[in-house]
Amino acid sequence: MTGSAFDVAAEFDRQVGTLMDKGYPGLAGMSTEQFTELVTPLRGAIDPRAAELAPPTEARVPFLLVVTRELIQVEERLRITALAGKRKPGFVDRHFAEGDLARFDPIKELEVPTGPAYLLFDVDRGEEFRNLAPSAAVERMAAQDRLPLTIDEGIAFITQFPSALASNRCFSLVGSRCGDKRVPALWISQGAPKLGWCWYGNPHTWLGSATAHPVRVGPE
């Protein structure tokens, strides 16, 4: 055990194991050994923060191992998500035109590390921002020294913690934008996770805006 209330090393290993079980190495065109070599260097970034990390809850988790679209496309990763206790695979909303998802890039404020994988800390599904337009939620996040999640980070969230996505506890991903007024979001449709989009200025009672610690950490 570390100085934190739970075993952060075991949690890192669990997240790696989850990606293995879901077939990430194969989707990335890698062997299990190659995939392990890719993500293992990230383990070292957790130890200096261990004392600050609290055990996960349904709404908030200490860290996420994020795999980016550089390694595996959004659609492929979404298809191997499911709601807690369910099996129906996640899917992309039909209102995304062909090739549209590739246009949604991380906003510059996030300073997302380059490369196929990185760590995100202190992730919250943003229930406090329900019924608040993403435009207003972003202002409140900034006041709290927090930043929004990207599409890659949202998928990592529900991959590792399926119970984070629940009825009336869905969330926007304001950290990914494409230059218009659309904001991607994860919600429940037909009994499965769905990646859709809402408007930057429109509030929804069932939709919050997910946030995280402002620092993203790549491999050393």
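Two strands pair if DSSP finds at least two bridges between them; strands are DSSP runs (E, at least two residues) and helices are runs of H or I (at least four residues), both numbered from the N terminus. The model is predicted, so local features need pLDDT of at least 70, side-chain atom pairs count only at pLDDT 80 or more, and totals for chains, interfaces and linings use all residues. Residues are numbered from 1 along each chain as its sequence is written, and side-chain values use heavy atoms, without hydrogens and water.

**View 1. Strand 9 and its partners.** Of the 8 residues in strand 9 (192-199), 6 are buried (under 20% relative accessible area, 1.4 Å probe, protein chains only). Strand 8 (182-189) pairs with strand 9 in the antiparallel sense over 8 bridges, and Val 183 stands opposite Cys 198. Strand 2 (91-92) pairs with strand 9 in the parallel sense over 2 bridges; there, Phe 91 has Lys 194 as its bridge partner.

**View 2. The hairpin of strand 8 and strand 9.** The hairpin has 2 residues between the strands, and Gln 190 takes a positive phi near 55°.

**View 3. The second largest pocket.** A pocket is an open set of points on a 1 Å grid over the protein atoms alone, where a 1.4 Å probe fits, with protein on both sides within 12 Å along at least five of seven lines; lining residues have an atom within 4 Å of a point. This pocket has a volume (the space filled by probe spheres set on the points, which are joined across faces, edges and corners) of about 190 Å³. Its lining includes Phe 121 and His 213, and strand 1 gives the most, with 3 residues.

Methods: Buried means under 20% relative accessible area, exposed over 50%, partly exposed in between (1.4 Å probe, protein chains only).
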